[in-house]
Structure formats: structure tokens, C-alpha cells
Amino acid sequence: MEAFAQFVPLILIFAIMYFLLIRPQQKKMKEHQNMVSNLRRGDQVVTQGGVIGKVSKVKDDNEVEVEIAENVKVRVVKATVTQVLSKTEPAKAE
């Protein structure tokens, strides 16, 4: 019983670390993956480099084409998109 009592503080520290650090980080990562997977044409985004542009084409699973100025388009890895400033409405099916 004495040995178990010595491990109780370690277990409590791990539980506190999990709820204060690990769990919020996992939640944030899940939200980012959801945001990136829902990118579509017309969304205004910010990249990790601080470039603001409008998504002109979603190429494949990990790449988008972003228009940063008139007739200036760059290819960006989806994971580097940090924020979506404005979303476009999905096309309505008739």
C-alpha cells in the first residue's frame, strides 16, 4: 500500500498535464484538420507566411491554388493554411 501511495502524486500530475496541455492541443489539431478539409473555392485564407488570398482551386488532397493578387496565383500546401477569414456558401443543388 505504501508503494501505491508514492505513485499517487505522479498519477495526479499526469492527469493534470493531460487535461491542461495534451487534450486542448489534440482538440485544436482536430479543428485545424477539419478546417483544412473543408476548404473550397472562394474562401479567403491566411497562410503560415502571413499571405492573405482567395482560394481559386482545390487541386487535390493536400494542395490548393491561392490568388494573392489579380492574376497572381500560388500553389500552397493545405496544411499551411492557418485561418479562413471568410467562407463561401456551398453551391445549392437544384
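Trainee: Leaving aside neighbours within four places in sequence, which residues is Ser-56 in contact with?

Mentor: Setting those neighbours aside, Ser-56 touches Arg-41, Glu-65, Val-66, Glu-67 and Lys-73. Keep in mind that this is a predicted model.

Trainee: Where does Ser-56 lie?

Mentor: Ser-56 is part of strand E2.

Trainee: Does Ser-56 count as buried or exposed?

Mentor: Buried. Its relative accessibility is 15%, and the cut-off for buried is under 20%.

Trainee: Let's step back. What does the secondary structure of the protein chain come to?

Mentor: One helix and five strands. Along the sequence the pattern reads α-β-β-β-β-β.

Trainee: How does the radius of gyration of the protein chain stand against the globule rule?

Mentor: The radius of gyration is 21 Å, and the globule rule gives 12 Å for 94 residues. The value is well over the rule, so the chain is more spread out than a compact globule.

Trainee: What does the C-alpha trace span along its principal axes?

Mentor: About 70 × 35 × 20 Å.

Trainee: And what share of the residues count as buried?

Mentor: Of the 94 residues, 19%. The chain exposes about 7700 Å². Carbon and sulfur atoms supply 57% of that area.

Trainee: What about contacts between residues 24 or more positions apart?

Mentor: They make up 41% of the contacts with a separation of 6 or more.

Trainee: On to the strands. How do E1 and E2 run?

Mentor: Antiparallel, with three bridges joining E1 to strand E2, residues 52-60. One pair to look up is Val-46 and its bridge partner in E2, Ile-52.

Trainee: What sits between the strands in that hairpin?

Mentor: Four residues. In this hairpin Gly-50 takes a positive phi near 90 degrees.

Trainee: In what sense do E1 and E5 pair?

Mentor: Antiparallel again, over four bridges. Find Val-45, and you will see Val-84 of E5 standing opposite.

Trainee: Back to phi. What is the phi of Asn-71?

Mentor: Positive, about 60 degrees, although Asn-71 is not a glycine. Most residues other than glycine have a negative phi.

Trainee: Where is the place of Asn-71?

Mentor: In the loop between E3 and E4. Asn-71 is exposed, with a relative accessible area of 69%.

Trainee: New topic. How many salt bridges does the structure hold?

Mentor: Three. Start with Asp-43 and Lys-87, where the closest N and O atoms are 3.3 Å apart.

Trainee: Which parts does that pair tie together?

Mentor: Asp-43 is in the loop between helix H1 (2-37) and strand E1 (44-47), and Lys-87 is in the segment after strand E5 (81-86), so the pair links parts that are 44 residues apart in sequence.

Trainee: Is Asp-43 buried or exposed?

Mentor: Asp-43 is buried, at 0% relative accessible area. Lys-87 counts as partly exposed, at 44%.

Trainee: Next bridge. Which side chain meets Glu-63?

Mentor: Arg-75, at 2.8 Å from N to O. Glu-63 belongs to strand E3 (residues 63-69) and Arg-75 to strand E4 (residues 72-77), so this bridge ties together parts that are twelve residues apart in sequence.

Trainee: Which of the two is buried, and which is exposed?

Mentor: Glu-63 is buried, with a relative accessible area of 19%. Arg-75 is exposed, with 60%.

Trainee: Which side chain does Lys-59 meet in a salt bridge?

Mentor: Glu-65, with 3.6 Å from N to O. Lys-59 is partly exposed at 38% relative accessibility, whereas Glu-65 is buried at 12%. You have met Glu-65 before: Ser-56 is in contact with that residue.

Trainee: Last topic. How many aromatic pairs does a search of the whole structure find?

Mentor: One. The rings belong to Tyr-18 and Phe-19, with their centres 5.2 Å apart.

Trainee: Why is the pair called edge-to-face?

Mentor: The ring planes stand at 80 degrees, so the pair is edge-to-face. The cut-off for that label is over 60 degrees.

Trainee: And how accessible are Tyr-18 and Phe-19?

Mentor: Tyr-18 counts as partly exposed, at 31% relative accessibility. Phe-19 is exposed, with a relative accessible area of 51%.

Note on methods:
Residues are numbered from 1 along each chain as its sequence is written. Side-chain values use heavy atoms; hydrogens and water are left out. A salt bridge is a side-chain nitrogen of Lys or Arg within 4 Å of a carboxyl oxygen of Asp or Glu. Helices (H or I, at least four residues) and strands (E, at least two) are DSSP runs, numbered from the N terminus. Buried means under 20% relative accessible area, exposed over 50%, partly exposed in between (1.4 Å probe, protein chains only). Two strands pair if DSSP finds at least two bridges between them. Rings of Phe, Tyr and Trp (its six-membered ring) pair if their centres lie within 6.5 Å; planes under 30 degrees apart count as stacked, over 60 as edge-to-face and the rest as tilted. Contact means heavy atoms within 4.5 Å. The radius of gyration is taken over C-alpha atoms; the globule rule is 2.2 Å times the number of residues to the power 0.38. Accessible areas come from the Shrake-Rupley method with a 1.4 Å probe; for residues, only the protein chains shown count as cover.
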